[in-house]
Amino acid sequence: MSITSAGFVRTGFLGVAVLFARLASAAGSWLPNEPVARDQVRFLYCQYNGSVLAKSLAFSNGALQTEGASWTCESRQTDTEIEVKFRLVKGEATSAGLAVAFDFASWSPKNYVLVPAVVYNGNRFHALGGGYMPEFPSSMFFNPDLPMTISNDPRLSWEPGTASKIELLTGNASTPAMCFYSPAKKRGFILLSEQKTRFGNNGLFIEENAAQNRATFVVSAPGVREQAAGFGGFSPSGDLGVNWKAGDVLTMKFRIYRFSTGSIPGLLEKFMSVRKALTGPNHPHDLVPMSHMADTIVPRFKKRWSKDYYLPENSPDFQLGWVSGFMQTPMLALNEPVETEHICHQLDFVVSKLQGKSGYFYGGITANGQLRSDRTFNSRNLALVRKNADALLMFFKFFQILKANGHANLIRPEWESSAKHLAQAFVTSWHTQGQFGQYIDPATGEIAVYNSTGGAIAPGGLALAARYFKDPEFLRVATESANFYFNRDVVVLGLTGGHCGDITQDPDSESAFGFLESLMALYWATGDRGWLDKARTEANLAATWAISYDEVFPPQSDIGKLDCHMAGAVFASAQNKHAAPGICTSSGDYLFKLYRATGDVRYAELIRDIQHAHTEAVEMPGHLTCGSGFGGSMERIQPTDAEGKGSVGNFIKTQNAWTELDGLMMATELPGIYLTTDTGKLFVIDHVYAKVLKRGRSGIILSVSNRTSYDARVSVFAESSMKAKSPLSYTAYLKWPRVRVASGKTVTVLISPNGKVAQR
């Protein structure tokens, strides 16, 4: 690492030219005035007029003279690191800031641009106004040629000859990063930034000229945007520059990766490998053992029973799938007579009240028996495809649990007939339309809104249906549709979207994780390890939605006061700019299964992060979050100012059934400790500490320590590496032994080579 006298490394910016000429941008633009011959990096002084960039001036040979002030900058650079130190040597500056710009000369609008959790493929799609959950124009209905259409999100222009700019703060991104893949050059680029300086979160800007042949990525301190992105719209940011005096110093650090890759999946794989490289490893808090979490949530769900169904959300009405309706598999797994009867009664209710003539289900029903619509068009009651895919998957999860608990006799022929009718509806859509669409008409089976990944979970449901009914056609359609969505959406577009019921067709996390569920279901159904390759790519995409580091929140905020470590919180969608405690709605056990099948610990770490972030958001004594009592949680972990600057880091005072169900699902379906008996490889998901004390012929001795304030019953899943090569059943968790560890205690456990567990 070397520093020139000018403070600039003359070896160049990762093999490209570094310009020393003083460049000034036009007011309000980060782009240099003149075209550049090669990629370059500029160190900038920024002058603001309120929230508007008035001008930016580039340092020349490590120095800059502005009106009334003298500045210097020094930089260090290696192949993957840049560190720059700015200093105001003399004078003063008002309403100012500093920035680093990365200019790209041979740019193309065909480049795939990623800012994790907010911008996918540049969000370069048709967009609707109208704010949160905008109305669909009539042109979107029954139109097979519908282009992908999103809400009013930060985006680059899809129209040729139009300049565009994306303005964000690091809080908008799950990882403070800006990335792109160039199909023409077969190259990828990843820029990692620190979250903040003493001025608050850094700014992340992407600007493209009207010709769309030049672009610049900018990281600024402070982050000053003209407009702040909200839930499907924009408002004045209120951001301001800061005042500087002689002697003030600012240091900014970056990681930069330029690499060869032939595809968007190649970029996603690289990002998965480096997403924590600058921020460093996160440090999950061990707060509440998963067993105690389950013990607090189960009574809450028992109270949610209301005559015919468990109440989803805070309404007497029933909503299928998505946000917890018809998804209470952990309540059935309890194997308690009352809860088993409740699940059976709910199955009766859903089958008798919600299924349309086509086999598809309506999206919900009021407490008074009136069918609810997810969208309407010309008085037609339309349903979200995602809800139907959830229902299809859940049918077979319920059936498998009933069988595993010895209650196969309770499975009624009308349930099986209904599930088969729903599976056949998906097959018919595939045969007639070549996709599943986003919204359907349950009366006719027609696709009402096309061209999203709304059917992400459908291949998984069909895979389970194929095994249950021994129907090869279900498996064939599951395979074909999964390959279709993987190639069209993941490989070509680098995103999945249209899964949430409150967005347009925006990129979203729920479809990313949901499609991973399908890919792992196909691995389970077929044993074909080729599905694992696709699942790894999809898991890499899904990981872009999860906060990757211990983000720093305002000290006066709810999260700041509690010192919550929110790595693993999952952003909802490009429209809804907030993170949530958990995957809506799933345990994410497929991430564990992917780790088990591949040995790639990154996927185990991801689900551990998600589980721990969920716990951070749960109300508990001395850890007050949503105000709804121990075990309560809500869906808003807010790293952005999309709901106003005062909302950053504050919990909303409500509760969500789906986040509580999510915690119960994770506590039920994820192993607390996983051990491969022949290798001694150990991974802990639960809120305990475990280590191998001894290995011998009789097995492996573990110590398990519980440093939390609550007693624990830790599930232990131990097996040989040979057994790990076979797909894991959907009910394996019902048989995992439990180790009791009192609060503050340590126990030893002998695990035999065949996986049996004996507590000492």
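**Strand pairing around β32 and in a three-strand sheet**

Three bridges connect strand β32 to strand β33, which covers residues 682–684, and the two strands run antiparallel. This arrangement belongs to a predicted model, and β32 makes a good starting point for a first look. Across the pair, Ile-673 faces Val-684 of β33 as its opposite residue. The two strands form a hairpin with five residues between them, and here Gly-680 adopts a positive phi near 75°.

A further partner of β32 is strand β36 (residues 712–719), this time in the parallel sense, with four bridges between the two strands. In this pairing, Leu-675 stands opposite Ala-718 of β36.

The side chains of β32 itself are also worth following. In a regular strand, side chains alternate between the two faces of the sheet. Along β32, which spans residues 673–676, Ile-673 and Leu-675 point one way, while Tyr-674 and Thr-676 point the other way. All four of these residues are buried.

Elsewhere in the chain numbering, an open sheet is built from three strands in the order β23-β24-β25, with antiparallel pairing. Strands β23 (318–319) and β25 (371–372) lie at the edges of this sheet, and each has a single partner strand, so one side of each is left without a neighbour in the sheet. Between β23 and β24 (residues 364–365), the antiparallel pairing consists of two bridges. Within this pair, Gln-319 has Gly-364 of β24 as its bridge partner.

Definitions and conventions. Residues numbered from 1 in each chain as written. Predicted model: local features only at pLDDT ≥ 70, side-chain atom pairs only at ≥ 80, totals over all residues. Heavy atoms only, no water. Buried < 20%, exposed > 50% of the residue type's maximum accessible area, 1.4 Å probe, protein only. Pairing = 2+ DSSP bridges.
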